[in-house]
Amino acid sequence: MNDSIRFILNGEDISLSNLRPTETLLDFLRLKRRLTGTKEGCAEGDCGACTVLVGRLIDGGLHYESVNACIRFVGSLHATHVVTVEHLAAQNGTLHPVQQAMVDCHGSQCGFCTPGFVMSLYGLWLTTEKPGRAQIEKSLQGNLCRCTGYEPIVKAAEQVSEKRPSALFDPLEKTRADIIARLWAMQSADTITIAEGEDRLIVPGSVAALAQVLADEPKATVVAGSTDVGLWVTKQMRSLNPVVFINHLSDLQKITVEDTGLTIGAGVTYSRAFTAIAEKIPALAGLINRIGGEQVRNMGTIGGNIANGSPIGDSPPPLIALGATVKLRSVAGTRSLPLEDFFIDYGKQDRNPGEFVESVFVPYPAASAHFAVYKITKRRDEDITAVLGAFHLTLDDADKVADIRIAFGGMAGTPKRARTVEAELIGKPWMEATVTAVRAAFDADYKPLTDWRATAEYRQLTAKNLLIRFYLETSGASQELKRFEVLA
Ligand SMILES: Cc1cc2nc3c(=O)[nH]c(=O)nc-3n(C[C@H](O)[C@H](O)[C@H](O)COP(=O)(O)OP(=O)(O)OC[C@H]3O[C@@H](n4cnc5c(N)ncnc54)[C@H](O)[C@@H]3O)c2cc1C
Ligand code: FES
Ligand code: FES
C-alpha cells in the first residue's frame, strides 16, 4: 500500500500524502507553491491562461503536452513532470527563445494570457521543428487573448522556429535523461490511497486493481482526463468522494492496429487517438481540429467521451456509423456490445455498477465505401457541437444503396442512428431524387430540442441538409452544394 502522490514540479521532487481528491493543479501551484505565473481566467478549460506542460513516460519516451491546470487534479499527476512558466528562463534571467520571440514580436499587451501562450508555444517548439501556419494555429486554439489580435503571437511562433537555438539551451532538453530516470523510479504497481478525513483519493496500480476498487466502491467517481469532471468541481462546486484516477494506467492507453480495425484503449487521449485513426480513416482526420483546444485534446480521453453518455460528444456518432464496439470490464470479466447499444437514454448507459470502459474497437470502412463526418457549431474553433452527422455508405454495382449507417449527435438525448432514413434508402438508387425524398424521414427519427446552441428547427433542417451534402460530395456534384443551402 502506498499513500502519496509523487511527481516532479519544475526541478523539485514533490510527495503529497495530504491531498483533497479534487484539488486542482492550478490551486496547488498558485496557493500552495506561489507559482503565480500560471493564471486563472475561466476555470473551465476554455481560455488557456492556466496552461502548463505535463511530461509523462509513454513507451519509454518522455512526452510533454500542454494541459489546463484549472481542470487537472493533482491526484492525476503521479509519476509526471509538471513544468510551469517559471521554469523557462535561465537562472541569470535570460529569457527562453520562446519568451524572447514574444517580446520581439510584441505578442503581449496586458499580459494576462501571456504565460499560457508561452507554454502552448513552448509545447509546440519542443515537439515540432518547423511548424506551418496551420500547426501554429492548431496549437493555439485553446488560448484566448483579448488584446493582441493573435497575429504578433503567430509571428513569435514563426520567429522562434526559424531561429531555433541549440537544444542545450533548453531546460527540458538539458535534463531529459535525468527526468526520465526520476519518473521511472516513481512508477509503481502499488495502488495509492490517500485519505483525509472522510475524503478518499485512489490511484489503482493496474487495470485489475481498478476493477477491484470499483467492485468495492461502485459509487466512486472515475476520473480520466477530467475535461468533464473538472468542471463539475470548478463550476458546479460538487464534492466528489471517493475519486479514482485512471489516466496513468498504461493498459488503458494502448492503440492496437489490426487488419480489420483499431482497438483504442479508453485512456487514450483525443490527440493520440485521432492521430492513429486519421492514418487509417482519413475522413476523420479533420474532426480533431474541431474538438476543444490543444490542451483539452491532450487531456480528454476516448473512454471519457463515451462513458459520459453525452448526446453531443463528438466521437460516438462517427464511431457508431463505422460499426464500433465498446468493451466493458469489471471483476466479473469483460463484455462487448455495439457502441450504439451502450447509449440507452439521456444520462443512462448500459454499464453495470463496478464496470468501466476498457476500450473501443473501430472497424475500417471498406475501400469502396463512402464515409464522412460533419460538425456544425456556432464558432469554428473550440466550440461544442450543435449538430454532428456521420454517414457511412456502401453502393452496389448498380449504384444502389447496399448499406448505409447514419448517426447523429445533438439530435436526441443520446448519440443516435437515423434508422428510418437508413431503411428508406436501402435498395434505392443513390441519386438526388432519392435523398431529397427521404429527407422527411428524419422527422420520424429525431425530435431535437431547442437550447442555446441551436433551435429544434435549425437542427432538423441541418440534419436533412447534411444528407444532401453527403450525397453531393459522394456523387462528385459538390459544386451543386450552394443550391441546397437555402432549402427549407
Ligand atoms: C474547453 C472544453 C472543450 C470541449 N470540447 C469538446 C468538443 O469539442 N467535443 C467533445 O466531444 N467534447 C468536448 N469537451 C468535453 C470533454 O473533453 C469530453 O467529453 C472528453 O472526452 C471527456 O473525457 P475525459 O477523459 O476528460 O473524461 P472525464 O472528465 O475524466 O470523465 C467524464 C465521465 O466519464 C467517466 N469516465 C471516464 N473514463 C471512464 C472509463 N474508462 N470508464 C468508465 N467511466 C469513465 C467519468 O466518471 C465521468 O463520468 C470539451 C471540454 C472542455 C473542458
Ligand atoms: S483558466 Fe481558462 S483554461 Fe484554465
Ligand atoms: S495580452 Fe491581454 S489578454 Fe492577451
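Tutor: Welcome! Let's begin with residue classes: Ala, Val, Leu, Ile, Met, Phe, Trp, Tyr, Cys and Pro count as nonpolar, Asp, Glu, Lys and Arg as charged, and the others, Gly among them, as polar. On that basis, the shell around ligand 1 holds 15 nonpolar, eleven polar and eight charged residues. Please keep in mind that this is a predicted model.

Student: What makes a residue part of the surroundings of ligand 1, and which residues come nearest?

Tutor: One of its heavy atoms must lie within 4 Å of the ligand. There are 34 residues around ligand 1, and those that come nearest are Val222, Ala224, Gly225, Thr227 and Thr301.

Student: Why is the pair formed by Ala224 and ligand 1 called a polar contact?

Tutor: A backbone N or O atom of Ala224 is 2.8 Å from an oxygen atom of ligand 1. The cut-off for such a pair is 3.5 Å, so this one qualifies. In Tyr270, a side-chain N or O atom lies 2.9 Å from an oxygen atom of the ligand, so that pair also meets the cut-off. At Val357, a backbone N or O atom is 2.9 Å from a nitrogen atom of ligand 1.

Student: How much of ligand 1 does the protein cover?

Tutor: On its own the ligand has 980 Å² of accessible area, and the protein covers 94% of that. Strand E8 (221–223), helix H8 (229–234), helix H11 (302–307) and strand E16 (356–363) each give two or more residues to the shell.

Student: Which domains does the shell draw at least three residues from?

Tutor: Domain 1 (5–87 + 174–245) and domain 3 (253–484) each supply at least three. The domain assignment also gives domain 2 (97–162).

Student: How do you know that domain 2 and domain 3 are in contact?

Tutor: Contact requires heavy atoms within 4.5 Å, and seven residues from domain 2 and eight residues from domain 3 take part. The centres of these two domains, taken over C-alpha atoms, are 33 Å apart.

Student: What area do domain 2 and domain 3 bury between them?

Tutor: The size of an interface is often given as the accessible area lost when the parts come together. Here about 630 Å² is buried, with carbon and sulfur atoms giving 36%. Lys138, Gln141 and Gly142 supply 78% of domain 2's share, more than any other three residues.

Student: What kind of peptide bond joins Asn241 and Pro242?

Tutor: A cis bond, with omega about -10°. Pro242 sits in the loop between H8 and strand E9 (243–245).

Key:
Residues numbered from 1 in each chain as written. Chains lettered and ligands numbered in written order. Predicted model: local features only at pLDDT ≥ 70, side-chain atom pairs only at ≥ 80, totals over all residues. Heavy atoms only, no water. Polar contact = N/O pair within 3.5 Å; in protein donor to acceptor, adjacent residues only side chain to side chain. Areas by Shrake-Rupley, 256 points an atom, 1.4 Å probe, with all protein chains shown as cover. Helix = DSSP H or I, 4+ residues; strand = E, 2+ residues; numbered from the N terminus. Domains from an automatic or database assignment. Buried area = accessible area lost by both parts, 1.4 Å probe.
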